[in-house]
Amino acid sequence: MSVVAPFVPLFAALGDDTRWSILTALGEGDASASALARRLPVTRQAIAKHLAFLEEVGLVDSRQVGRELTYRALGSRLSEAARQLEAIGAEWDRRLSIIKEIAESL
Amino acid sequence: MDSDAEQGTVIDEDAYTVRRSIHIAAPIEKVWAALTQPELISKWFTQSAVLDGDGVGATGFFTFSPTNSIPVRIEEIDKPHMIAYRWSNDDAAAEQAGGRRPATIDDEHSLVMRFTLEPTADGVRLSLVETGFATTLDPMYNMKSHVRGWNQMFDQLGTYFGALA
C-alpha cells in the first residue's frame, strides 16, 4: 500500500522519547534549542540534532528571532498522516459497498 | 453509500487502525460467501484470489496485477461471524527489495483485515477493522519497543497540536 511509505520517517521521528519530550515542550510554546536544553535533561547539542530531524520530517519549523533560532511545533504533518488513513478508509468504504452489492444480488 | 462515514477513521492501540462498517440487506450466508469465496473476493478486492483451504492457516495469494501478487493467510475464522486475513501489502518494502513482493507472509510486518458479521432485523452489519500499519516497516515496528504507547502519544498530540492542525 503506497500510502504506508510516507509514514515511515514520521513514525521514526516520533519513535524516540527525547524527540517526544521536545515536541511536548514545543507544544507548550515556541522555544530555542538552548531554552529546551534548560528544561530537558539533554544537552543543547543533542537537542539541536533532534530538532534538525524533526524539522526534516516536517514536525517543527524554525525562524530567526533576534540572535536565536526559535522552533515551533507543526500539526499539519500529523494531519497529513490522518488524511492518508482517511484515504485507506475511503477505499474500504468503496470495497464494502461492492461487497454489499454482491451479497444483495447473490 | 450506506456506510458509516461519520464513524471516521479511528486510531487506537499500538498502531494505526482503520475501521469501517456497512449495512447489507442480505442473509449472513451470502455476505459470508462474498468475503470468503475467492471468485467473489476478486469482484470487490483483487483481480484474482487463490486460497488453498477455508480454515485457519489456509494460505494463498491476492493478485492485483500480473506483477503484484500478495501472500495472504486466514488468521482467524468463526463461520459465519468473523474472518481475519493477514496479508503483506507493503509497497515501500517492495520498493526497497527492487520491486519484489515477498513470497510468504512476514508475520511481523503485515496487515490484518478482520471482518465481523452481525445479524440485524433485516440483514447484516458488516464491520471491517484493518490493523498493522505501524508494523509494515522496521522503523515503525521498532517504535513498539518505546515506552510510550500510541494511545498516549496521540492523546498528547491532540492536546498539544490539535489547535495547530
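**Figure 1. Strands β1(A) and β3(A) pair in the antiparallel sense in this predicted model.** Two bridges join β1(A) to β3(A), the latter spanning residues 68–73 of chain A. Two strands are taken to pair if DSSP finds at least two bridges between them. Strands are DSSP runs of E with at least two residues, helices are runs of H or I with at least four residues, and both are numbered from the N terminus. Tyr71(A) in β3(A) is the bridge partner of Ala31(A). Residues are numbered from 1 along each chain as its sequence is written, while chains are lettered from A and ligands numbered from 1 in the order in which they are written. Because the model is predicted, local features need pLDDT of at least 70 and side-chain atom pairs count only at pLDDT 80 or more, whereas totals for chains, interfaces and linings use all residues.

**Figure 2. The open sheet of chain A has three strands in the order β1-β3-β2.** The pairing in this sheet is antiparallel. β1 (31–32) and β2 (60–65) of chain A stand at the edges with a single partner strand each, so one side of each has no neighbour in the sheet. Six bridges link β2(A) with β3(A), again in the antiparallel sense. Among these strands' residues, Ser62(A) has Tyr71(A) in β3(A) as its bridge partner. The hairpin of β2(A) and β3(A) has two residues between the strands, and Gly66(A) takes a positive phi near 60° there.

**Figure 3. Helices α2(A) and α4(A) meet the sheet of chain A.** Helix α2 (residues 17–27) of chain A packs on the sheet and touches β1, β2 and β3 of chain A. Contact requires that the C-beta atoms of two residues, placed from the backbone, lie within 7 Å. The direction of α2(A) makes about 90° with that of β3(A). Helix α4 (residues 44–56) of chain A lies across β2 and β3 of chain A and runs at about 115° to β2(A). For these angles, axes are lines fitted to C-alpha atoms, for helices over the stretch in contact, and the angles run from 0 to 180 degrees between N-to-C directions.

**Figure 4. Buried residues of α2(A) lie on the same side of the helix.** The buried residues in α2(A) are Arg19(A), Trp20(A), Ile22(A), Leu23(A) and Leu26(A). A residue is buried if 20 or more other C-beta atoms lie within 10 Å of its own, exposed if 12 or fewer, and partly exposed in between, with C-beta atoms placed from the backbone. The buried residues of α2(A) cover an arc of only 160° around the axis, which puts them on the same side of the helix. This arc is that of the directions from the helix axis to the C-beta atoms. An α-helix has 3.6 residues a turn, so residues three or four places apart point the same way. Gly29(A), with a positive phi near 160°, follows α2(A).

**Figure 5. Phe11(A) is buried in helix α1 of chain A.** This helix covers residues 7–14. Around Phe11(A), 23 other C-beta atoms lie within 10 Å. Val57(A) is 46 residues from Phe11(A) in sequence, yet the two are 9.5 Å apart in space, C-alpha to C-alpha.

**Figure 6. The largest nonpolar core has 32 residues.** A nonpolar core is a set of buried Ala, Val, Leu, Ile, Met, Phe, Trp, Tyr and Cys residues joined through C-beta atoms within 7 Å. Ile99(A), Ala103(A), Ile24(B), Val31(B), Leu35(B), Phe115(B) and Leu126(B) touch the most other members. The largest share of this core, six residues, comes from α5(A). Beyond its neighbours within four places in sequence, Ile24(B) has contacts that include Lys100(A), Ala103(A), Val31(B) and Leu126(B). A second, separate core of 18 residues includes Trp20(A), Ala33(A), Leu36(A) and Ile47(A).

**Figure 7. Chain B has five helices and eight strands.** In helix α1 (residues 28–36) of chain B, the buried residues include Val31(B), Trp32(B), Ala34(B) and Leu35(B). They cover an arc of only 160° around the axis, which puts them on the same side of α1(B). In the loop between β5 and β6 of chain B lies Pro80(B). The peptide bond from Lys79(B) to Pro80(B) is cis, with omega near -5°. The mean pLDDT of chain B, where pLDDT is the predictor's confidence in each residue from 0 to 100, is 74.
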